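Visitor: Pick one part of this model and walk me through it up close, please. I'd like to see what the side chains are up to there, and then how the surroundings fit around it.

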Amino acid sequence: TLAEQWKADDMVTGAEAAGPYINFRINRTVLTRSVLQAVHATGSKYGWTNEGAGKRVIVEFSSPNIAKPFHAGHLRSTIIGNFIYKLHKAHGWDAISMNYLGDWGKQYGLLALGFERFGSEEELVADPIKHLFDVYVKVSAAASEEAERIKAMDAEAAAAAGPTIQDQARAYFKSMEDGDESALALWQRFRTLSIEKYKQIYARLGVHFDVYSGESQVGEGMSRAIQMLTDTGLLIEDKGAKLVDLTEHKLDKALVQKSDGTTLYLTRDIGAAIERYEKYNFDKIIYVVSSQQDHHLKQLFKTVELLGLPYADRFEHINYGLVNGMSTRRGTVVFLDDMLHESKEKMHDVMRANEAKYNDVVNPEHIADVLGMSAI
């Protein structure tokens with residue numbers, strides 16, 4: 001048997017067959033000494049290898065939406081992505097951690113309209129993220145109520161009602177894409193305030209990003225993507241809109257440009273992929289995004305493949321489940337800041353329950369914070 005053929009040594013002293021398995025006997029003293037000597041010799045780099053030497057990987061993770069709170073749903077992407085990033089670094093890869101912020105799209109037109117209606121300069125300065133979140137919830141509710149009213153009208157009355165909030169939001173975003181300075185100035189302010197708040201949260205979590213990118217940062221890659229899709233015959237028009245027909249691959253039709261000329265996620269993601277490869281020459285790029293985006297990323301990867309790009313096989317999606325019951329529009333999200341604060345306080349209460357031990361703890365506030373974050 002295989003067990004009988006095994007040659008014992010100082011570490012593995014023997015082997016015996018147990019049905020379909022082989023059980024090995026380990027000299028625990030030798031193993032312990034070997035491991036501890038290796039840990040002592042290599043320190044914090046114990047277990048590191050050079051398997052990825054000479055290779056570069058981009059790990060895109062976290063990626064919250066600008067002007068919205070960093071909530072518990074973003075935490076999964078952040079923790080999983082940070083682990084994957086560090087794992088690659090530990091195996092010799094030239095790893096780049098990238099935060100691809102959701103900082104472009106019609107929702108910023110909606111937020112701008114909301115700020116005109118419900119915004120307060122004083123509250124914006126005092127607590128920008130909280131105030132912008134409140135504004136977004138209010139304007140989303142107003143848009144939903146308006147849609148219900150219009151649905152109850154006859155066609156003539158609905159037409160006479162004029163542009164809806166959603167129509168105005170689309171028009172505002174179109175002005176952003178067309179380079180309107182006043183529209184872009186307000187958007188840039190929201191973006192800057194949001195990034196500063198995110199950085200505070202990442203610092204508390206001990207997470208580092210090498211690159212802060214975003215949909216708005218995609219440049220000529222978008223127009224090049226549209227041109228490449230046209231040149232390869234992949235782009236088709238439908239009522240003024242442009243799309244890629246992926247039904248043959250069971251991925252439906254993917255819209256890349258609306259009839260008003262504005263771009264969508266897929267357009268920007270194709271453009272970003274092109275620009276990233278040209279800038280970083282990656283051997284692998286990993287998207288750490290929830291399972292809700294499975295279909296979108298399959299469309300992205302298939303489109304890149306059909307374009308014949310030589311790096312099409314270097315894309316990978318790591319997904320994860322959603323945190324149920326949270327909606328930014330409805331205002332039902334659980335803020336990560338609140339979760340961290342509550343878990344810290346609960347941990348602090350547990351520590352204070354034993355007064356004798358508590359008095360011996362150095363910096364109990366910090367210890368409670370670390371334990372609370374670890375629990376989350």
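**Salt bridges, and the sheet beside them**

Guide: Let's start with R170, which is partly exposed, at a relative accessible area of 32%. Keep in mind as we go that this is a predicted model. R170 has a partner: its side chain meets that of D167 in a salt bridge, with 2.8 Å from N to O. Both residues sit in helix α8 (residues 165-177), three residues apart, which is about one turn of the helix. D167 counts as partly exposed too, because its relative accessibility is 33%.

Stay in this stretch of sequence for a moment. K174 forms a salt bridge with D178, and the closest N and O atoms there are 2.9 Å apart. The two ends of that pair come out in different classes: K174 is partly exposed at 24%, while D178 counts as exposed at 55%. The cut-off matters here, because exposed means over 50% relative accessible area.

Those are two of the 16 salt bridges in the structure. The next one deserves a good look. The side chains of R224 and E278 meet in a salt bridge at 2.5 Å, N to O. This pair links distant parts of the chain: R224 belongs to helix α10 and E278 to helix α11 (residues 265-280), with their positions 54 residues apart in sequence. R224 counts as partly exposed because its relative accessible area is 28%. There's a third player as well, since E220, R224 and E278 are linked in a network of salt bridges.

Now follow helix α10 itself, residues 221-231, to its neighbours. The helix lies across β6, β7 and β8, and runs at about 95 degrees to β6. Those three strands make an open sheet in the order β6-β7-β8, with antiparallel pairing. At the edges are β6 (235-238) and β8 (253-257), each of which pairs on one side only. On average, neighbouring strands of this sheet are turned by 40 degrees against each other, ignoring direction.

Zoom in on how the strands line up. β6 pairs with β7 (residues 241-245) in the antiparallel sense over four bridges. Within that pairing, L235 stands opposite V244, and I236 stands opposite L243. The two strands form a hairpin with two residues between them, and K239 in the turn has a positive phi of about 55 degrees. That's worth pausing on: most residues other than glycine have a negative phi.

On to the other side of β7. β7 and β8 also pair in the antiparallel sense, over four bridges. V244 turns up again here, standing opposite A254 in β8. A general point helps when you look at the side chains: in a regular strand they alternate between the two faces of the sheet.

Strand β8 also holds Q257. Is Q257 buried or exposed? Q257 is buried, because its relative accessible area is 17% and buried means under 20%. Leaving out residues up to four places away in sequence, Q257 touches A241, K242, T262, L264 and T267.

K239 has company elsewhere in the chain when it comes to positive phi. S62 has a phi near 75 degrees, and S63 has one of about 45 degrees. S62 lies in the loop between β3 and α3 (72-90), and S63 lies in the loop between β3 and α3 as well. Their accessibility tells them apart: S62 is buried at 5%, whereas S63 counts as partly exposed at 22%.

For a last stop, have a look at the surface. L2, W6, I22, F24, I26, L31, V35, V39 and Y46 form a nonpolar patch there, with about 770 Å² of accessible area together. The elements that give two or more residues to the patch are β2 (21-26) and α2 (28-42). As for Y46, this residue lies in the loop between α2 and β3 (56-60), and it counts as partly exposed at 41% relative accessibility.

Notes:
Residues numbered from 1 in each chain as written. Predicted model: local features only at pLDDT ≥ 70, side-chain atom pairs only at ≥ 80, totals over all residues. Heavy atoms only, no water. Patch = residues over 30% accessible without salt bridge, like charges linked within 9 Å, V, L, I, M, F, W, Y side chains within 5 Å. Areas by Shrake-Rupley, 256 points an atom, 1.4 Å probe, with all protein chains shown as cover. Salt bridge = Lys/Arg side-chain N within 4 Å of Asp/Glu carboxyl O. Buried < 20%, exposed > 50% of the residue type's maximum accessible area, 1.4 Å probe, protein only. Pairing = 2+ DSSP bridges. Axes fitted to C-alpha atoms, helices over the stretch in contact; angles between N-to-C directions. Contact = heavy atoms within 4.5 Å.
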